[in-house]
Amino acid sequence: MNKLYGFGNALIDIEVSITDRDLDYLNIPKGNMKHISAEERDIYLQKFKNNIISYQPGGSIANSIYAFSDNQKDSFFGCSLGQDKFRDQFLEGFDSLTSVVINESDQDTGVCFIFVTSDGERTMASYLGANEDLSEKVISEDILRDCDAAIFDSFSVFTSSGFKTLKFCLDLARKHDVDIFFGLSDSELIKMNKEKVNWIISKGIDYVFGNKIEIQTLCSFCQIDNNKIIQTNGKSGASFNDIEVKAPPTVVENTNGAGDAFIGTFIANLNKKDITQTLTDSVNYAAKVCETNGPRQKKRH
């Protein structure tokens with residue numbers, strides 16, 4: 001596939017090195033995510049200020065769009081941003097290879113704390129901020145009609161504004177025969193929104209992607225064809241259509257963004273290679289992300 005349109009949360013990832021004891025303070029199950037208020041955001045910034053590793057542009061779909069463009073493909077991303085320093089940092093993270101369609105918000109640009117423990121596992125706390133104002137404005141029909149696929153995930157579509165944006169995007173994608181990829185992000189979030197997930201799947205989604213736990217959660221209450229499921233299996237690799245590939249030996253710095261990078265690379269190579277090679281290339285790309293301190297590889301071109 002050569003052109004991909006995504007929409008979703010625009011976030012600055014704040015990576016923080018913590019201990020397992022710190023997780024008890026955060027009250028977030030290891031490997032999961034919770035939403036936080038602006039007040040909690042400020043508390044975390046103060047409490048963990050000496051443990052911050054980096055500030056980097058992030059957001060699941062934004063990371064996937066980045067990986068897609070890194071495969072020398074055209075990409076477009078719709079999002080909502082505030083009027084602050086994090087806005088500029090987010091846009092700089094895409095450089096000129098991705099076109100960004102923006103909804104202007106009076107709220108602060110969103111941030112996501114990526115709490116990384118010694119085993120490389122990441123646990124997240126997300127302040128949505130401007131992302132709560134996501135709207136149909138971030139979907140350009142003129143651009144979408146010429147794309148091969150559209151991508152979004154559960155992180156961004158379960159707010160009221162996000163769900164309206166999803167419906168608008170679905171209608172346009174079907175009108176212009178654009179393939180649809182839906183990402184399952186966070187099993188607890190999926191459980192909390194079963195009705196909406198069932199509705200989304202019923203609309204003829206072409207592909208669903210997520211890790212093993214997220215896929216199992218979906219299949220526990222929703223029927224979906226196996227040939228639509230793209231599954232990441234962590235250190236074990238990934239699978240699609242009963243084809244499995246192993247991940248290469250990797251020295252894990254942290255796993256933040258690895259699954260996002262995998263799906264972006266997978267979509268970029270879906271139609272030009274056999275599935276086994278596509279899976280292999282995608283897993284290898286994701287493994288490189290695991291070896292970095294951020295959610296993205298540096299651009300290769």
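This is a short tour of a predicted model, stop by stop, with something to select at each one.

**Stop 1: the five-stranded sheet**

Start by selecting strands β3, β8, β7, β2 and β4. They form an open sheet, in the order β3-β8-β7-β2-β4, and the pairing is mixed. Look at the two ends of that row: β3 and β4 (52–58) stand at the edges with a single partner strand each, so one side of each has no neighbour in the sheet. Now turn the view to look across the strands. From one strand to the next, the twist averages 20°.

**Stop 2: strand β8 and its two partners**

Keep the sheet on screen and pick out β8, residues 122–127. Is this strand mostly covered or mostly open? Mostly covered: five of its six residues are buried.

Next, bring in β3, residues 33–35, which pairs with β8 in the parallel sense over three bridges. To see how the two line up, select His35 and look for Ser126 of β8 opposite.

Then go to the other partner, β7, which spans residues 110–116. Here the pairing with β8 is antiparallel, over six bridges. Two places are handy for checking the match. Phe115 stands opposite Thr123 of β8, and Cys112 has Ser126 of β8 as its bridge partner. Ser126 is worth a label, then: His35 stands opposite this residue, and Cys112 is bridged to it.

Follow the chain from β7 into β8 and you go round a hairpin with five residues between the strands. Stop at Gly120 there, which takes a positive phi near 85°.

**Stop 3: rings and charges**

Phe115 leads on to the aromatic side chains. Select Tyr25, Tyr44, Phe48, Phe113 and Phe115 together, and you have one aromatic cluster. Across the model, the count of aromatic pairs comes to 16.

Stay with Phe48 and add Lys47. The charged end of Lys47 sits over the ring of Phe48, 5.8 Å from its centre. For another case of this kind, jump to Lys167 and Trp199: the charged end of Lys167 sits over the Trp199 ring, 5.5 Å from the centre.

**Stop 4: strand β5 and its neighbours**

Now select β5, residues 74–81. How many of its eight residues are buried? Seven are, leaving this strand mostly covered.

Add β1 (residues 3–7), which runs parallel to β5 and is joined to it by five bridges. One spot to click on is Lys3, whose bridge partner in β5 is Asp74. Then add β6 (residues 98–104), also parallel to β5, with seven bridges joining the two. Leu81 is a good marker for this pairing, with Glu104 of β6 as its bridge partner.

**Stop 5: a loop residue**

Look for Val138 in the loop between β8 and α5 (141–144). Val138 is buried, with a relative accessible area of 0%. Show Phe77 as well: the C-alpha atoms of Val138 and Phe77 are 8.0 Å apart, although 61 residues separate the two along the chain.

**Stop 6: a pair of helices**

Finish with α11 (residues 258–269) and α12 (residues 275–290). Two packed helices are described by the angle and the distance between their axes. For α11 and α12, the axes come within 8 Å and cross at roughly 150°, which makes the two helices roughly antiparallel. As for handedness, α11 passes α12 in a right-handed crossing.

Conventions:
Residues are numbered from 1 along each chain as its sequence is written. This is a predicted model: local features need pLDDT of at least 70, side-chain atom pairs count only at pLDDT 80 or more; totals for chains, interfaces and linings use all residues. Side-chain values use heavy atoms; hydrogens and water are left out. Buried means under 20% relative accessible area, exposed over 50%, partly exposed in between (1.4 Å probe, protein chains only). Helices (H or I, at least four residues) and strands (E, at least two) are DSSP runs, numbered from the N terminus. Two strands pair if DSSP finds at least two bridges between them. Rings of Phe, Tyr and Trp (its six-membered ring) pair if their centres lie within 6.5 Å; planes under 30 degrees apart count as stacked, over 60 as edge-to-face and the rest as tilted. A charge sits over a ring if NZ of Lys or CZ of Arg is within 6 Å of the ring centre and within 35 degrees of the ring normal. Axes are lines fitted to C-alpha atoms, for helices over the stretch in contact, and angles run from 0 to 180 degrees between N-to-C directions. Angles under 35 degrees count as roughly parallel, over 145 as roughly antiparallel, 65 to 115 as roughly perpendicular and the rest as oblique. A crossing is left-handed if the near helix is turned anticlockwise from the far one by less than a right angle, and right-handed if clockwise.
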